[in-house]
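Please work through the following exercises with the sequence and the coordinates open beside you. Each task is followed by a solution that goes step by step.

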Amino acid sequence: ALGSDIIWREVQLTSSGEDKKPVIVSMGDVAASGGYYISMEADQVLANPETVTGSIGVVFGEFVFKELFDKIGVHTQVLKRGEQADLLDPASDLTEDERSRIYELMMETYQSFVNKAAQGRGMSPEAVDSLGRGRIYSGRRAQQAGLIDELGGIAQAISLARIAAGIPPERSVEFEYYPKYAVNLFDLLGETPTLQSKFNLPEDIQEALQQVEQMTFLTEEQVLYLLPYSIRMDE
C-alpha cells in the first residue's frame, strides 16, 4: 500500500500544478489493486478488453515461525516499548487485540483507497465502494463501470498523449523507456567457477554459462534467454 501510494502521489504531482504534464495510462495484462491505485490520478486510463483491473481492496498476511523456531532450536527475546510495538513479531501468534488493530489499519487503508479512486474517477465514495471490496473486472467491464476511460492499447495511449501534449502529427518524437537497468548476469549469479563448484552443475549448464560469460552484450540493456537444452551436431 505504501509503495502504491508513493507512486500515486508522484502521478498526482505530475498531472497537476503549474508544470503539469498530461499523464495517460495504458494497462497491460494485469493492472489491479496497486496497478489500479497508481492509475487513478491520470488524465486518461486505457485498458485492453481482457485486462484484469480493479481489485480495489486491501489484503494482509503474516508468516508465523514459532513452531519452526521451536523445532530448530531458535530462541528469540523481544524488548519493546509500547503495548503493540511487536505487532508483527514472526515468533508469536497474533492476539485478538492485535488482530483487531490490524483490521482497523486495513480498513483505514481501504477507505483511503476508495476516497482517492472516487476523487480520480469523479465518483462518490459509495459508488466506488460498491465496485470495490476486492472485486476484479475485465477492461470492458471496468469501462462500463466507469473505472477506466477507453478500451485500447499502448499505441492508442501514445496517440492520446501526443494530442494532450499538443504535438502535431507530422512532428517526430523519441520514446524513452523506464526503468533502465544495466543487465549483467554475473552480477546477479556470481562468477561461473563459483556456481560450478558450489552447485555441481551438469556439464551442459557449465558449457552454457561459459558461452554466456564470453558474450559482451550482457552489459547492455537486453534480456538474455538460454534454452533449457543444448544442441550438438554430429557428422
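The exercises below concern a predicted model, and they take up confidence, the sheet and the largest pocket in turn.

**Exercise 1.** Determine which element of the chain has the lowest mean pLDDT and which has the highest.

*Solution.* Begin with the chain as a whole, which averages a pLDDT of 83, with 79% of the residues scoring at least 70. Then go through the elements: helix 9 (residues 192-199) has the lowest mean, 47, whereas strand 3 (residues 44-47) has the highest, 96. Finally, look at residues 192-198, where the pLDDT is below 50 and where the model shows eleven contacts beyond near neighbours in sequence.

**Exercise 2.** Establish the order of the strands in the open sheet, and find which helix packs on the sheet.

*Solution.* The three strands follow the order 1-3-6 with parallel pairing, and the edges are strand 1 (24-27) and strand 6 (150-151), each of which pairs on one side only. Between strand 3 and strand 6 there are two bridges in the parallel sense, and Leu46 has Glu150 in strand 6 as its bridge partner. Helix 7 (residues 154-164) packs on this sheet and touches strand 1, strand 3 and strand 6, while its direction makes about 180° with that of strand 1.

**Exercise 3.** Describe the lining of the largest pocket by residue, by element and by class.

*Solution.* The pocket has a volume of about 820 Å³ and is lined by 17 residues, of which Ile24, Ile158, Ala161, Phe175 and Glu176 lie nearest its centre. Strand 1 and helix 7 each supply at least two lining residues, and the largest share, five residues, comes from helix 7. By class, the lining of the largest pocket comprises 13 nonpolar, one polar and three charged residues.

Definitions and conventions. Residues are numbered from 1 along each chain as its sequence is written. This is a predicted model: local features need pLDDT of at least 70, side-chain atom pairs count only at pLDDT 80 or more; totals for chains, interfaces and linings use all residues. Side-chain values use heavy atoms; hydrogens and water are left out. pLDDT is the predictor's confidence in each residue, from 0 to 100. Helices (H or I, at least four residues) and strands (E, at least two) are DSSP runs, numbered from the N terminus. Contact means heavy atoms within 4.5 Å. Two strands pair if DSSP finds at least two bridges between them. Axes are lines fitted to C-alpha atoms, for helices over the stretch in contact, and angles run from 0 to 180 degrees between N-to-C directions. On a 1 Å grid over the protein atoms alone, a cavity is a set of points where a 1.4 Å probe fits but cannot get out, and a pocket is an open set with protein on both sides within 12 Å along at least five of seven lines; lining residues have an atom within 4 Å of a point. Grid points are joined across faces, edges and corners, and a volume is the space filled by probe spheres set on the points. Ala, Val, Leu, Ile, Met, Phe, Trp, Tyr, Cys and Pro count as nonpolar, Asp, Glu, Lys and Arg as charged, and the others, Gly among them, as polar.
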